[in-house]
Amino acid sequence: MQVFVTAVESGSFTVSASLLKMTPSMVSKHISALEKRLGTPLLQRTTRRQHLTEAGQTYYQQCKQIMAQLAAAEAGVEAMSSQPQGLLRVSASVWFGSLTLAPLVCDYLHAYPEVNLQLSLTDRYVDIVDEGYDVAIRIGKLADSSLIARKLSMFEVAICAAPAYLQQHGVPQTPEDLLQHQCLGFSNWHSQGGWKQVSPDLNLAAALRFESDNSQALRVAAVKGLGIILTPRALLKADIEAGRLTELLPAYTPPARPIHAVYPRNRQSQAKLTTFVDHLIAAFSVTA
């Protein structure tokens, strides 16, 4: 069932084989054996894509429920042990995960040798329950949810540009001045307002000099004098301190937003999860 569910959700035997640490042919054998036992096809595959049959769709939904019950049963057993163990799946944004979270993850794994951790970094919204994560790091206001949320820290952004750019184009004094400048855009922030976070009336969408879904690429562009950047302060801290970037418009910088660790209620008794979240909270309280 686990192989079947993973194959459906990953959309590929090759990808699911990598996730399950087996060969694609072994994934295929598992699915074939399952179909033979059930007496009906579950997946229809072509050279380019795969899709569920009607029976496969029904069976997939039932498997998801069974796997959730199994996870809850395992969580209950694990809670009886004071020693955290097993696989912990964590989701975070690319910049936060690589810059801030990765070192803390390493420290945690040194402290808990019986835990294996899978860290997935993506800037898209992750459905923790449907995608099988134990915990996700969320930035900003949280929607009403059945998930448990524990605050870790605050998320700050900065508006910056390279001294060479400012010498050539001048220093903006108000958000409206940005319309006359070359600005850089983080495409994954469009749903959160993008540059409108600085001023609701500011529309730079059509005038962005360079746009990317990767904050590190935008940081490099800003340092090289390509334009003005709005991005996490932590990502720019070293450049600001070294003089490679200059902070702009401090009175108009968007307010700090909370960073939370969120996780399903039915996993809150897992020792691996609670110790990991407590580890993050302790680490951020030291650096605050």
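Modeller: A residue is called buried when its relative accessible area is under 20%, and exposed when that area is over 50%. The structure discussed here is a predicted model.

Colleague: What makes strand S12 largely enclosed by the rest of the structure?

Modeller: Strand S12 covers residues 257-263, and six of its seven residues are buried, so the rest of the structure largely encloses the strand.

Colleague: Which strand is joined to S12 by four bridges, and in what sense do the two run?

Modeller: That strand is S5, residues 135-139, and the two run antiparallel. Within this pairing, Arg138 has His260 of S12 as its bridge partner.

Colleague: How do you know that S6 and S12 count as paired?

Modeller: Two strands pair if at least two bridges are found between them. Strand S6, residues 148-155, has seven bridges to S12, in the antiparallel sense. Seven bridges satisfy that requirement, so S6 and S12 are paired. Ser153 illustrates the pairing, with Ile259 of S12 as its bridge partner.

Colleague: Why is the sheet with the order S10-S7-S11 called open?

Modeller: This sheet has three strands, paired in the antiparallel sense. Strand S10 (229-232) and strand S11 (246-247) stand at its edges with a single partner strand each, so one side of each has no neighbour in the sheet. S11 pairs with strand S7, residues 157-161, over two bridges. One bridge partner in S11 is Glu247, which faces Cys160 in that role.

Colleague: Why is Cys160 called buried?

Modeller: The relative accessibility of Cys160 is 0%. The limit for a buried residue is under 20%, so Cys160 meets it. Cys63 also has 0% relative accessibility and therefore counts as buried.

Colleague: How do you know that Cys160 forms no bond with the closest cysteine sulfur?

Modeller: The closest cysteine sulfur belongs to Cys183 and lies 12 Å from that of Cys160. A disulfide needs the two sulfur atoms within 2.5 Å, so this pair is too far apart for a bond. A search of the whole structure finds zero disulfides.

Colleague: What makes Ser215 a buried residue?

Modeller: Its relative accessible area is 5%, and the limit is under 20%, so Ser215 is buried. Ser215 is found in helix H7, residues 215-223. Apart from neighbours within four places in sequence, Ser215 is in contact with Trp95, Phe186, Thr231 and Leu235.

Colleague: How do you know that the buried residues of helix H2 line one face?

Modeller: In H2, residues 13-20, the buried residues are Phe13, Ser16, Ala17 and Leu20. Seen down the helix axis, they fall within an arc of 105 degrees, so they line one face of H2. An α-helix has 3.6 residues a turn, so residues three or four places apart point the same way. The face turned away from the buried side carries the exposed residues Thr14 and Ser18.

Colleague: What covers the buried residues of H2?

Modeller: The cover includes helix H1 (2-10), helix H3 (24-38), strand S1 (43-45) and strand S2 (50-52).

Colleague: Which residue caps the N-terminal end of H2, and which residue follows the helix?

Modeller: Ser12 is the cap, with a side-chain oxygen 3.1 Å from the backbone nitrogen of Thr14. Lys21 follows H2 and has a positive phi, near 60 degrees.

Colleague: How many helices and strands does the protein chain contain?

Modeller: The chain has nine helices and 12 strands. Of its 288 residues, 40% are buried.

Key: Residues are numbered from 1 along each chain as its sequence is written. This is a predicted model: local features need pLDDT of at least 70, side-chain atom pairs count only at pLDDT 80 or more; totals for chains, interfaces and linings use all residues. Side-chain values use heavy atoms; hydrogens and water are left out. Buried means under 20% relative accessible area, exposed over 50%, partly exposed in between (1.4 Å probe, protein chains only). The arc is that of the directions from the helix axis to the C-beta atoms. Contact means heavy atoms within 4.5 Å. A polar contact is a pair of N or O atoms within 3.5 Å; within protein, one must be able to donate a hydrogen and the other to accept it, and residues adjacent in sequence count only if both atoms are side-chain atoms.
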